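Visitor: I have a chain open here and would like to talk it through. Where do we start?

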Amino acid sequence: MQGRWPKGIISHYEFLVSEDNKLWISVSKGEFGNIKNNPIEQIINFDKVKGRYIKLIGLKTVDGSKNMSIGELGVITK
């Protein structure tokens, strides 16, 4: 979100990967440090894992909002 008063910016996250969209494996969990004051591209690396689906779960927002938002999500597969 790039408005003057952004809401729902994810500060704590979890990425999961699945091969069948049923069994999910957590591959990364953490925090986007200072994302409220410095909302730049965040790069999250995790160990190589086989999967067809990826899920981003927002665990917490910077403003405590239940609504969450992201600008883009890109995945590099190899």
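Guide: With a term. A residue counts as buried under 20% relative accessible area, as exposed over 50%, and as partly exposed in between. Keep in mind that this is a predicted model.

Visitor: Fine. Take serine 26, then: where does it lie, and is it buried or exposed?

Guide: Serine 26 lies in strand β2. Its relative accessible area is 40%, between the two cut-offs, so serine 26 is partly exposed.

Visitor: And serine 28, buried or exposed?

Guide: Serine 28 is also in strand β2. Its relative accessibility is 11%, under the 20% limit, so serine 28 counts as buried.

Visitor: What about isoleucine 25?

Guide: Isoleucine 25 is placed in strand β2. It counts as partly exposed because its relative accessibility is 45%.

Visitor: How much of the chain is buried?

Guide: Of its 78 residues, 19% count as buried.

Visitor: Back up a bit. Which elements does the chain have, and in what order do they run?

Guide: There are three strands and zero helices. Starting at the N terminus, the order is β-β-β. Strand β1 covers 10-18, while β2 covers 25-31 and β3 covers 53-61.

Visitor: What box do the C-alpha atoms fill?

Guide: Roughly 40 × 25 × 20 Å, along the principal axes.

Visitor: Any distances within that for the β2 residues?

Guide: Three C-alpha separations can be given. Serine 28 and serine 18 are ten residues apart along the chain and 13 Å apart in space. For isoleucine 25 and lysine 36, eleven residues apart in sequence, the separation is 28 Å. Serine 26 and methionine 68 are 42 residues apart along the chain, with 20 Å between their C-alpha atoms.

Visitor: Now backbone angles. Which sign does phi have at asparagine 21?

Guide: Positive, at about 65°, although asparagine 21 is not a glycine. Most residues other than glycine have a negative phi.

Visitor: Where is asparagine 21?

Guide: In the loop between β1 and β2. With a relative accessible area of 42%, asparagine 21 is partly exposed.

Visitor: And what is phi at asparagine 34?

Guide: Near 55°, again a positive value in a residue other than glycine. Asparagine 34 sits in the loop between β2 and β3.

Visitor: Change of topic: the surface. Which residues make the nonpolar patch?

Guide: Phe46, Val49, Ile54, Ile70, Leu73 and Val75 make a nonpolar surface patch of about 470 Å².

Visitor: Where does phenylalanine 46 sit, and how accessible is it?

Guide: Phenylalanine 46 is in the loop between β2 and β3. At 32% relative accessibility, it counts as partly exposed. A residue needs over 30% to be part of a patch, so phenylalanine 46 qualifies on that count.

Visitor: Last one, pockets. How much space lies in the largest pocket?

Guide: About 1400 Å³. The elements that each give two or more residues to its lining are β1 and β3.

Visitor: How many residues line the largest pocket, and which lie nearest its centre?

Guide: The lining has 35 residues, with Phe15, Gln42, Ile44, Leu73 and Gly74 nearest the centre. Leu73 is also one of the residues in the nonpolar patch.

Visitor: What classes make up that lining?

Guide: The lining of the largest pocket has 20 nonpolar residues, eight polar and seven charged.

Key: Residues numbered from 1 in each chain as written. Predicted model: local features only at pLDDT ≥ 70, side-chain atom pairs only at ≥ 80, totals over all residues. Heavy atoms only, no water. Patch = residues over 30% accessible without salt bridge, like charges linked within 9 Å, V, L, I, M, F, W, Y side chains within 5 Å. Areas by Shrake-Rupley, 256 points an atom, 1.4 Å probe, with all protein chains shown as cover. Salt bridge = Lys/Arg side-chain N within 4 Å of Asp/Glu carboxyl O. Helix = DSSP H or I, 4+ residues; strand = E, 2+ residues; numbered from the N terminus. Buried < 20%, exposed > 50% of the residue type's maximum accessible area, 1.4 Å probe, protein only. 1 Å grid on protein atoms, 1.4 Å probe; cavity = no way out; pocket = protein on both sides within 12 Å on 5 of 7 lines; lining within 4 Å. Points joined across faces, edges and corners; volume = space filled by probe spheres on them. Nonpolar A, V, L, I, M, F, W, Y, C, P; charged D, E, K, R; others polar.
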